[in-house]
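Open the structure in your viewer and get your selection tool ready. We will go from stop to stop, choosing a few residues each time and looking at what is there.

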Amino acid sequence: MIPYGRQKIDEEDIQAVVDVLRSEWLTTGPKVDEFENDVANYVGTQYAVAVSSGTSALHTAMYALDIGPTDEVIVPSISFAATANCIVYQGGVPVFADVLPENLLIDPACIEQKITNKTKAVIAVDYAGHPCDYDRLKKICDRYNLAFIADSCHALGAEYKGRKIGSLADMTVFSFHPVKHITTGEGGIITCNNKEYYNRMKLFRNHGISADARMREKTGTWFYEMVDLGYNYRISDIQCALGISQLKKLPEFLKRRREIAESYDKSFSDSAVIHPLKVQPNVGHAYHLYVISIDFDQIGISRQDVFKSLRERGIGVNVHYIPIHLHPFYKKTYQTFEGECPVAEYSYQKILSLPIYPGLNSSDVHDIIESLEKMIDVF
Ligand SMILES: *Cc1c(COP(=O)(O)O)cnc(C)c1O
(Lines give C-alpha, C1' and ligand atoms only; values in the text may rest on other atoms or scores of the structure.)
Protein backbone atom coordinates (compact mmCIF):
# COMPACT_ATOMS: atom_id res chain seq x y z
CA MET A 1 0.00 0.00 0.00
CA ILE A 2 1.29 3.45 -0.98
CA PRO A 3 0.33 5.72 1.97
CA TYR A 4 -0.59 9.41 1.54
CA GLY A 5 2.55 10.35 3.44
CA ARG A 6 5.48 8.76 5.21
CA GLN A 7 8.92 9.45 6.64
CA LYS A 8 12.28 9.03 4.89
CA ILE A 9 15.05 7.82 7.21
CA ASP A 10 18.63 7.06 6.20
CA GLU A 11 21.71 5.57 7.90
CA GLU A 12 22.93 9.01 9.00
CA ASP A 13 19.64 9.56 10.87
CA ILE A 14 19.96 6.15 12.54
CA GLN A 15 23.57 6.82 13.55
CA ALA A 16 22.57 10.19 15.08
CA VAL A 17 20.03 8.43 17.30
CA VAL A 18 22.46 5.67 18.26
CA ASP A 19 25.06 8.27 19.26
CA VAL A 20 22.62 9.84 21.72
CA LEU A 21 21.79 6.43 23.19
CA ARG A 22 25.49 6.05 24.03
CA SER A 23 25.69 9.57 25.53
CA GLU A 24 24.96 10.95 28.97
CA TRP A 25 21.72 12.78 28.21
CA LEU A 26 18.64 11.02 26.86
CA THR A 27 16.37 13.97 27.66
CA THR A 28 16.74 17.66 28.73
CA GLY A 29 20.26 17.49 27.26
CA PRO A 30 22.26 19.41 24.67
CA LYS A 31 20.50 17.96 21.60
CA VAL A 32 17.29 19.75 22.53
CA ASP A 33 19.01 23.16 22.50
CA GLU A 34 20.84 22.29 19.31
CA PHE A 35 17.64 21.29 17.52
CA GLU A 36 15.87 24.44 18.71
CA ASN A 37 18.76 26.58 17.45
CA ASP A 38 18.80 24.80 14.09
CA VAL A 39 15.06 25.29 13.53
CA ALA A 40 15.15 28.93 14.72
CA ASN A 41 18.03 29.62 12.33
CA TYR A 42 16.26 27.86 9.49
CA VAL A 43 13.03 29.86 9.80
CA GLY A 44 14.79 33.06 10.92
CA THR A 45 13.50 33.62 14.47
CA GLN A 46 15.27 34.41 17.71
CA TYR A 47 13.55 31.65 19.68
CA ALA A 48 12.23 28.11 19.30
CA VAL A 49 10.77 25.78 21.94
CA ALA A 50 10.68 22.08 21.07
CA VAL A 51 7.99 19.92 22.66
CA SER A 52 6.52 16.42 22.52
CA SER A 53 4.12 16.92 19.57
CA GLY A 54 2.52 19.45 17.25
CA THR A 55 -0.56 19.24 19.44
CA SER A 56 1.34 20.06 22.64
CA ALA A 57 3.06 22.87 20.71
CA LEU A 58 -0.36 24.37 19.92
CA HIS A 59 -1.42 23.99 23.56
CA THR A 60 1.84 25.60 24.70
CA ALA A 61 1.24 28.57 22.36
CA MET A 62 -2.28 29.01 23.78
CA TYR A 63 -0.80 29.01 27.30
CA ALA A 64 1.80 31.60 26.27
CA LEU A 65 -1.07 33.87 25.17
CA ASP A 66 -2.82 33.21 28.50
CA ILE A 67 -5.98 31.97 26.77
CA GLY A 68 -8.58 31.16 29.41
CA PRO A 69 -12.31 30.81 29.99
CA THR A 70 -14.41 33.40 28.10
CA ASP A 71 -11.58 34.02 25.59
CA GLU A 72 -12.53 33.30 21.99
CA VAL A 73 -10.00 32.19 19.38
CA ILE A 74 -10.88 32.07 15.68
CA VAL A 75 -9.76 29.00 13.71
CA PRO A 76 -10.48 27.71 10.19
CA SER A 77 -13.07 24.97 9.96
CA ILE A 78 -10.90 22.90 7.61
CA SER A 79 -7.95 21.59 9.65
CA PHE A 80 -6.93 18.75 11.90
CA ALA A 81 -8.98 18.78 15.13
CA ALA A 82 -5.89 19.67 17.22
CA THR A 83 -5.97 23.22 15.77
CA ALA A 84 -9.18 23.84 17.75
CA ASN A 85 -8.63 21.39 20.63
CA CYS A 86 -5.67 23.44 21.95
CA ILE A 87 -8.07 26.31 22.75
CA VAL A 88 -10.39 23.95 24.61
CA TYR A 89 -7.47 22.60 26.71
CA GLN A 90 -7.08 26.15 28.08
CA GLY A 91 -10.81 26.50 28.72
CA GLY A 92 -11.22 28.95 25.82
CA VAL A 93 -13.85 28.96 23.10
CA PRO A 94 -12.94 28.05 19.50
CA VAL A 95 -14.88 30.04 16.91
CA PHE A 96 -14.95 28.56 13.43
CA ALA A 97 -14.34 30.69 10.36
CA ASP A 98 -15.13 29.51 6.85
CA VAL A 99 -12.42 28.92 4.22
CA LEU A 100 -11.73 30.20 0.72
CA PRO A 101 -13.07 27.83 -1.98
CA GLU A 102 -9.94 27.93 -4.17
CA ASN A 103 -7.38 26.83 -1.55
CA LEU A 104 -9.29 26.03 1.70
CA LEU A 105 -7.30 28.63 3.66
CA ILE A 106 -9.07 30.66 6.35
CA ASP A 107 -11.23 33.40 4.80
CA PRO A 108 -10.03 36.80 6.11
CA ALA A 109 -13.45 38.39 5.50
CA CYS A 110 -15.06 35.66 7.60
CA ILE A 111 -12.57 36.29 10.43
CA GLU A 112 -13.75 39.89 10.59
CA GLN A 113 -17.38 38.77 10.78
CA LYS A 114 -16.61 36.45 13.70
CA ILE A 115 -14.66 38.94 15.84
CA THR A 116 -16.38 39.92 19.12
CA ASN A 117 -15.14 41.77 22.18
CA LYS A 118 -14.09 38.37 23.58
CA THR A 119 -11.84 37.48 20.65
CA LYS A 120 -8.21 37.23 21.73
CA ALA A 121 -6.41 35.47 18.90
CA VAL A 122 -6.57 33.95 15.42
CA ILE A 123 -4.97 30.62 14.51
CA ALA A 124 -4.46 30.39 10.74
CA VAL A 125 -3.46 27.12 9.07
CA ASP A 126 -1.13 26.90 6.06
CA TYR A 127 -3.38 24.18 4.73
CA ALA A 128 -1.65 21.51 2.59
CA GLY A 129 1.57 23.56 2.78
CA HIS A 130 0.19 26.67 1.03
CA PRO A 131 0.94 29.75 3.18
CA CYS A 132 -2.09 31.76 4.17
CA ASP A 133 -2.20 35.47 3.33
CA TYR A 134 0.08 36.61 6.17
CA ASP A 135 0.05 40.33 5.29
CA ARG A 136 -3.72 40.48 5.19
CA LEU A 137 -4.15 38.40 8.36
CA LYS A 138 -1.57 40.44 10.25
CA LYS A 139 -3.35 43.64 9.27
CA ILE A 140 -6.66 42.32 10.61
CA CYS A 141 -5.07 41.07 13.85
CA ASP A 142 -3.29 44.40 14.39
CA ARG A 143 -6.47 46.38 13.76
CA TYR A 144 -8.44 44.40 16.35
CA ASN A 145 -5.51 43.87 18.73
CA LEU A 146 -5.51 40.07 18.36
CA ALA A 147 -2.60 37.66 18.66
CA PHE A 148 -1.81 35.93 15.37
CA ILE A 149 -0.75 32.28 15.58
CA ALA A 150 0.20 30.17 12.56
CA ASP A 151 -0.48 26.44 12.66
CA SER A 152 2.19 25.64 10.08
CA CYS A 153 2.27 21.90 10.72
CA HIS A 154 1.86 21.47 6.94
CA ALA A 155 4.31 24.13 5.91
CA LEU A 156 7.89 23.74 7.18
CA GLY A 157 10.01 25.25 4.39
CA ALA A 158 7.13 27.10 2.73
CA GLU A 159 7.59 30.74 1.69
CA TYR A 160 5.34 33.78 1.51
CA LYS A 161 6.49 36.67 -0.69
CA GLY A 162 10.04 35.34 -0.51
CA ARG A 163 10.03 35.04 3.30
CA LYS A 164 10.16 31.73 5.11
CA ILE A 165 7.15 30.62 7.15
CA GLY A 166 7.98 30.59 10.87
CA SER A 167 8.64 34.26 11.60
CA LEU A 168 5.59 35.87 10.00
CA ALA A 169 3.10 35.39 12.85
CA ASP A 170 3.44 36.08 16.60
CA MET A 171 4.09 32.36 17.08
CA THR A 172 4.35 29.57 14.52
CA VAL A 173 3.77 25.90 15.27
CA PHE A 174 5.31 22.92 13.44
CA SER A 175 4.84 19.15 13.85
CA PHE A 176 7.41 16.40 13.40
CA HIS A 177 4.99 13.50 13.05
CA PRO A 178 6.26 10.99 10.43
CA VAL A 179 3.87 12.23 7.71
CA LYS A 180 5.16 15.81 8.03
CA HIS A 181 8.20 17.34 6.27
CA ILE A 182 10.77 16.10 8.75
CA THR A 183 10.22 13.75 11.68
CA THR A 184 11.31 13.14 15.26
CA GLY A 185 8.84 10.23 15.63
CA GLU A 186 6.56 12.46 17.67
CA GLY A 187 7.45 16.08 18.24
CA GLY A 188 6.64 19.71 17.65
CA ILE A 189 8.12 23.19 17.96
CA ILE A 190 7.01 26.80 18.38
CA THR A 191 9.09 29.57 16.79
CA CYS A 192 8.79 33.24 17.79
CA ASN A 193 10.64 36.51 18.39
CA ASN A 194 8.96 37.33 21.70
CA LYS A 195 11.03 36.68 24.82
CA GLU A 196 8.07 36.67 27.18
CA TYR A 197 6.27 34.01 25.11
CA TYR A 198 9.52 32.06 24.96
CA ASN A 199 9.97 32.07 28.74
CA ARG A 200 6.35 31.11 29.37
CA MET A 201 6.61 28.21 26.91
CA LYS A 202 9.81 26.84 28.46
CA LEU A 203 8.06 26.86 31.82
CA PHE A 204 4.88 25.24 30.53
CA ARG A 205 6.59 22.25 28.89
CA ASN A 206 8.30 21.41 32.19
CA HIS A 207 5.44 21.29 34.75
CA GLY A 208 5.58 25.06 35.28
CA ILE A 209 8.94 24.58 37.04
CA SER A 210 11.39 27.45 36.84
CA ALA A 211 14.64 25.45 36.31
CA ASP A 212 15.22 22.18 34.50
CA ALA A 213 17.37 19.29 35.72
CA ARG A 214 20.45 20.23 33.71
CA MET A 215 20.31 23.82 34.93
CA ARG A 216 20.05 22.62 38.54
CA GLU A 217 22.98 20.28 38.07
CA LYS A 218 25.07 23.10 36.61
CA THR A 219 24.32 25.49 39.43
CA GLY A 220 24.61 22.76 42.06
CA THR A 221 21.29 23.35 43.74
CA TRP A 222 18.25 21.23 44.60
CA PHE A 223 15.98 24.23 44.75
CA TYR A 224 13.23 24.83 42.23
CA GLU A 225 9.80 26.38 42.27
CA MET A 226 6.65 25.43 40.44
CA VAL A 227 5.35 28.86 39.55
CA ASP A 228 2.38 27.85 37.39
CA LEU A 229 0.54 24.70 36.32
CA GLY A 230 2.40 23.14 33.38
CA TYR A 231 2.73 19.72 31.81
CA ASN A 232 5.43 17.27 30.88
CA TYR A 233 5.55 18.24 27.20
CA ARG A 234 9.31 17.69 26.90
CA ILE A 235 10.90 16.17 23.83
CA SER A 236 13.88 13.83 24.28
CA ASP A 237 17.47 14.18 23.04
CA ILE A 238 16.93 10.94 21.12
CA GLN A 239 14.14 12.62 19.16
CA CYS A 240 16.02 15.89 18.72
CA ALA A 241 19.10 14.10 17.35
CA LEU A 242 16.84 12.63 14.68
CA GLY A 243 15.35 16.07 14.04
CA ILE A 244 18.79 17.70 13.63
CA SER A 245 19.78 15.05 11.10
CA GLN A 246 16.43 15.27 9.27
CA LEU A 247 16.51 19.06 9.01
CA LYS A 248 19.66 18.82 6.89
CA LYS A 249 17.62 16.90 4.32
CA LEU A 250 14.66 19.29 4.28
CA PRO A 251 15.71 21.11 1.07
CA GLU A 252 16.00 17.79 -0.74
CA PHE A 253 12.65 16.57 0.71
CA LEU A 254 10.92 19.78 -0.38
CA LYS A 255 12.39 19.52 -3.85
CA ARG A 256 11.00 16.00 -4.29
CA ARG A 257 7.56 16.99 -2.93
CA ARG A 258 7.47 19.87 -5.44
CA GLU A 259 8.49 17.59 -8.31
CA ILE A 260 5.68 15.17 -7.49
CA ALA A 261 3.19 18.04 -7.28
CA GLU A 262 4.36 19.26 -10.67
CA SER A 263 3.77 15.82 -12.20
CA TYR A 264 0.25 15.77 -10.78
CA ASP A 265 -0.37 19.37 -11.92
CA LYS A 266 0.71 18.58 -15.48
CA SER A 267 -1.45 15.47 -15.71
CA PHE A 268 -4.59 17.16 -14.42
CA SER A 269 -4.12 20.53 -16.16
CA ASP A 270 -6.48 19.68 -19.02
CA SER A 271 -8.87 17.49 -17.04
CA ALA A 272 -12.49 18.64 -16.98
CA VAL A 273 -13.11 16.65 -13.81
CA ILE A 274 -9.99 16.63 -11.60
CA HIS A 275 -9.17 20.06 -10.19
CA PRO A 276 -6.09 20.57 -8.00
CA LEU A 277 -6.40 23.33 -5.40
CA LYS A 278 -5.19 26.71 -6.67
CA VAL A 279 -1.74 28.05 -5.80
CA GLN A 280 -1.10 31.80 -5.37
CA PRO A 281 1.80 33.16 -7.45
CA ASN A 282 3.59 34.80 -4.48
CA VAL A 283 4.15 31.64 -2.40
CA GLY A 284 6.56 28.72 -2.17
CA HIS A 285 4.25 25.78 -1.54
CA ALA A 286 5.63 23.08 0.79
CA TYR A 287 3.18 20.37 -0.40
CA HIS A 288 2.53 18.44 2.78
CA LEU A 289 -0.64 17.36 0.97
CA TYR A 290 -1.64 17.24 -2.67
CA VAL A 291 -5.37 17.86 -2.68
CA ILE A 292 -7.67 17.51 -5.68
CA SER A 293 -11.29 18.49 -5.93
CA ILE A 294 -13.73 16.38 -7.91
CA ASP A 295 -17.40 17.08 -8.43
CA PHE A 296 -18.50 13.53 -7.68
CA ASP A 297 -22.18 14.36 -8.28
CA GLN A 298 -21.32 15.57 -11.77
CA ILE A 299 -19.44 12.40 -12.70
CA GLY A 300 -22.07 10.19 -11.11
CA ILE A 301 -19.79 8.19 -8.82
CA SER A 302 -19.44 8.57 -5.09
CA ARG A 303 -16.22 9.58 -3.38
CA GLN A 304 -16.58 6.49 -1.24
CA ASP A 305 -16.40 4.27 -4.36
CA VAL A 306 -13.36 6.10 -5.80
CA PHE A 307 -11.71 5.97 -2.38
CA LYS A 308 -12.38 2.23 -2.02
CA SER A 309 -11.29 1.30 -5.55
CA LEU A 310 -8.03 3.24 -5.26
CA ARG A 311 -7.30 1.65 -1.90
CA GLU A 312 -7.98 -1.79 -3.40
CA ARG A 313 -5.31 -0.97 -5.96
CA GLY A 314 -2.88 -0.15 -3.17
CA ILE A 315 -3.18 3.63 -3.44
CA GLY A 316 -3.71 5.13 -0.01
CA VAL A 317 -5.75 8.21 -0.82
CA ASN A 318 -7.19 10.16 2.09
CA VAL A 319 -9.51 13.05 2.95
CA HIS A 320 -8.18 16.15 4.77
CA TYR A 321 -10.34 17.10 6.59
CA ILE A 322 -13.82 16.61 7.96
CA PRO A 323 -14.76 20.19 8.97
CA ILE A 324 -13.96 20.46 12.68
CA HIS A 325 -17.26 22.11 13.59
CA LEU A 326 -19.11 19.01 12.34
CA HIS A 327 -17.45 16.68 14.87
CA PRO A 328 -19.88 15.50 17.57
CA PHE A 329 -17.70 16.92 20.37
CA TYR A 330 -17.94 20.45 18.97
CA LYS A 331 -21.64 20.14 18.17
CA LYS A 332 -22.47 19.05 21.73
CA THR A 333 -20.00 21.32 23.56
CA TYR A 334 -20.14 24.52 21.52
CA GLN A 335 -23.45 24.10 19.64
CA THR A 336 -21.76 24.19 16.25
CA PHE A 337 -24.03 23.13 13.41
CA GLU A 338 -24.31 22.14 9.76
CA GLY A 339 -24.51 25.24 7.60
CA GLU A 340 -22.21 27.24 9.88
CA CYS A 341 -19.30 27.18 7.40
CA PRO A 342 -20.92 26.49 4.00
CA VAL A 343 -17.76 26.68 1.86
CA ALA A 344 -15.90 24.25 4.13
CA GLU A 345 -18.84 21.85 4.14
CA TYR A 346 -19.35 21.99 0.37
CA SER A 347 -15.61 21.68 -0.41
CA TYR A 348 -15.23 18.79 2.01
CA GLN A 349 -17.61 16.72 -0.18
CA LYS A 350 -15.26 17.03 -3.14
CA ILE A 351 -11.70 16.70 -1.84
CA LEU A 352 -9.26 13.82 -2.02
CA SER A 353 -5.58 13.78 -0.97
CA LEU A 354 -3.20 11.90 -3.25
CA PRO A 355 0.03 10.31 -1.96
CA ILE A 356 2.98 12.71 -1.74
CA TYR A 357 6.20 12.17 0.21
CA PRO A 358 9.95 12.31 -0.53
CA GLY A 359 10.35 8.54 -0.98
CA LEU A 360 7.51 8.24 -3.52
CA ASN A 361 9.07 7.30 -6.85
CA SER A 362 8.05 8.48 -10.30
CA SER A 363 6.66 5.15 -11.46
CA ASP A 364 4.31 5.12 -8.45
CA VAL A 365 3.25 8.69 -9.25
CA HIS A 366 2.55 7.56 -12.81
CA ASP A 367 0.48 4.58 -11.56
CA ILE A 368 -1.53 6.82 -9.25
CA ILE A 369 -2.34 9.25 -12.08
CA GLU A 370 -3.25 6.45 -14.47
CA SER A 371 -5.44 4.61 -11.93
CA LEU A 372 -7.32 7.79 -11.10
CA GLU A 373 -7.85 8.82 -14.71
CA LYS A 374 -8.91 5.33 -15.75
CA MET A 375 -11.36 5.06 -12.90
CA ILE A 376 -12.95 8.38 -13.63
CA ASP A 377 -13.20 7.59 -17.37
CA VAL A 378 -14.82 4.26 -16.59
CA PHE A 379 -17.65 5.87 -14.65
C1 LIG B 1 -0.19 17.19 12.32
C2 LIG B 1 -0.98 18.39 12.67
C3 LIG B 1 -1.17 18.80 13.99
C4 LIG B 1 -0.77 17.99 15.18
O5 LIG B 1 0.51 17.55 15.17
P6 LIG B 1 0.93 16.24 16.02
O7 LIG B 1 2.41 16.31 15.99
O8 LIG B 1 0.37 15.06 15.30
O9 LIG B 1 0.37 16.39 17.38
C10 LIG B 1 -1.82 20.01 14.21
N11 LIG B 1 -2.32 20.73 13.21
C12 LIG B 1 -2.19 20.35 11.93
C13 LIG B 1 -2.75 21.23 10.85
C14 LIG B 1 -1.54 19.17 11.62
O15 LIG B 1 -1.45 18.76 10.35
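Start with one pair of residues: select I274 and I294, and you will find I274 standing opposite I294, which belongs to β12. Keep in mind as you look that this is a predicted model.

Now widen the selection to the strands around that pair. Pick β10 and β12 (residues 290-294): three bridges join them, and the pairing is antiparallel. Strands of a sheet pair through backbone hydrogen bonds, in either a parallel or an antiparallel way.

Next, add β13 to see the whole sheet. Its three strands run in the order β10-β12-β13, the sheet is open, and the pairing is antiparallel. Which strands stand at the edges? They are β10 (274-276) and β13 (351-354); each has a single partner strand, so one side of each has no neighbour in the sheet. Turn the view and look for the twist, which averages 35° from one strand to the next.

Then select helix α10 (residues 250-268). Helix α10 packs on the sheet and touches β10, β12 and β13, while its direction makes about 20° with that of β12.

For the last stop, select two helices, α3 (residues 54-64) and α4 (residues 82-89). Their axes are 8 Å apart, and they pack at an angle of about 45°. The two helices are therefore oblique to each other, and α3 passes α4 in a right-handed crossing.

Show the side chains here. On the α3 side you have T55, L58, H59 and M62, which meet A82, T83, C86, I87 and Y89 in α4. What kinds of residue make up this contact? Six are nonpolar, three are polar and none is charged.

Notes
Residues numbered from 1 in each chain as written. Predicted model: local features only at pLDDT ≥ 70, side-chain atom pairs only at ≥ 80, totals over all residues. Heavy atoms only, no water. Pairing = 2+ DSSP bridges. Helix = DSSP H or I, 4+ residues; strand = E, 2+ residues; numbered from the N terminus. Axes fitted to C-alpha atoms, helices over the stretch in contact; angles between N-to-C directions. Contact = heavy atoms within 4.5 Å. Parallel < 35°, antiparallel > 145°, perpendicular 65-115°, else oblique. Left-handed = near helix turned anticlockwise from the far one by under 90°. Nonpolar A, V, L, I, M, F, W, Y, C, P; charged D, E, K, R; others polar.
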